[in-house]
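User: Please take a close look at one part of this model: the charged side chains and the strands around them. Which of them pair up, and which do not?

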Amino acid sequence: MPNEFHPGQTAFISVNNDYVGVIARLHPNVENNVNNAKAPVYALEINLEKLLQKRTGKMKFKEISKFPSIKKDIAFVVDTKTNYLEIETHIKKAAGSMLESVKPFDLYIGENLGENKKSIAYSLIFSDAKRTLTEEEVTSSIEKIIDVVTKKCNAEFRKG
């Protein structure tokens with residue numbers, strides 16, 4: 001590792017165990033010599049030629065929407081044997097195309113939930129590439145998600 005990089009804040013970038021780059025904070029001794037830096041200074045180096053050789057198949061990208069997204073959190077109490085992916089699958093099916101992403105962000109197990117119960121919370125992001133969604137549309141989608149998940153997963157909707 002170069003001496004100019006901070007030893008605890010350096011990450012090497014590799015693809016299939018082949019080095020293609022590095023991202024790092026400069027060592028404080030070097031930062032002080034860079035225009036009297038008052039904030040941390042970072043460096044990024046990527047060997048694009050090497051990186052592009054690693055490419056397999058067609059590269060895909062998704063244009064960033066010009067319209068705002070709406071983030072909602074939702075939680076369900078389920079049996080401890082219920083897999084979070086099962087719930088996630090039902091969320092995706094119920095929400096339809098308005099749902100951009102769903103990610104679990106919290107797992108809670110406690111006596112107040114009951115024996116063999118757990119609570120799983122998900123962060124949902126709704127958006128449309130062609131227009132701004134209304135609060136009513138998202139609320140309707142949330143209600144459908146709650147209905148489907150409670151029935152299919154024997155779940156209980158956990159209110160905030």
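Analyst:
**Sheet and charges**

Strands β2 and β3 run antiparallel and are joined by 5 bridges. This is a predicted model. Within the β2-β3 pair, valine 22 sits opposite glutamate 45 of β3. The two strands belong to an open sheet of 3 strands, ordered β1-β2-β3 with antiparallel pairing. β1 (5-15) and β3 (42-46) are the edge strands; each has a single partner, so one side of each lacks a neighbour in the sheet. From one strand to the next, the twist averages 20°.

Strand β2 also carries a charge pair. Aspartate 18 forms a salt bridge with lysine 50, with the closest N and O atoms 3.4 Å apart. The link spans distant parts of the chain: aspartate 18 is in strand β2 (residues 18-26), lysine 50 is in helix α2 (residues 48-53), and 32 residues separate them. Both ends are partly exposed. Lysine 50 has a relative accessible area of 28%. For aspartate 18 the figure is 24%.

The model has 8 salt bridges by the 4 Å rule. One of them joins lysine 71 and aspartate 73, at 3.2 Å from N to O. Here the two ends fall in separate classes. Lysine 71 is exposed, at 52% relative accessible area. Aspartate 73 is partly exposed, at 46%. The cut-off for exposed is over 50%, so lysine 71 passes and aspartate 73 does not.

Another salt bridge brings together aspartate 128 and arginine 131, at 3.9 Å from N to O. Arginine 131 is partly exposed, with a relative accessible area of 35%. This pair is part of a network: Asp128, Arg131 and Glu137 are linked by salt bridges.

Now the unpaired case. Lysine 118 lies in strand β6 (residues 117-126). Lysine 118 is buried, yet has no salt bridge. The nearest side chain of opposite charge is glutamate 86, 8.7 Å away. A salt bridge must fall within 4 Å, so glutamate 86 does not qualify as a partner for lysine 118.

What does the side chain of lysine 118 reach instead? It reaches the backbone oxygen of threonine 82, at 2.7 Å. Threonine 82 also appears among the contacts of lysine 118 beyond four places in sequence. Those contacts include Phe76, Val77, Val78, Asp79 and Thr80. Leu107, Tyr108, Ile109 and Leu113 are also in contact with lysine 118.

Methods:
Residues numbered from 1 in each chain as written. Predicted model: local features only at pLDDT ≥ 70, side-chain atom pairs only at ≥ 80, totals over all residues. Heavy atoms only, no water. Helix = DSSP H or I, 4+ residues; strand = E, 2+ residues; numbered from the N terminus. Buried < 20%, exposed > 50% of the residue type's maximum accessible area, 1.4 Å probe, protein only. Lys, Arg positive; Asp, Glu negative; His and termini not counted. Polar contact = N/O pair within 3.5 Å; in protein donor to acceptor, adjacent residues only side chain to side chain. Contact = heavy atoms within 4.5 Å. Pairing = 2+ DSSP bridges. Axes fitted to C-alpha atoms, helices over the stretch in contact; angles between N-to-C directions.
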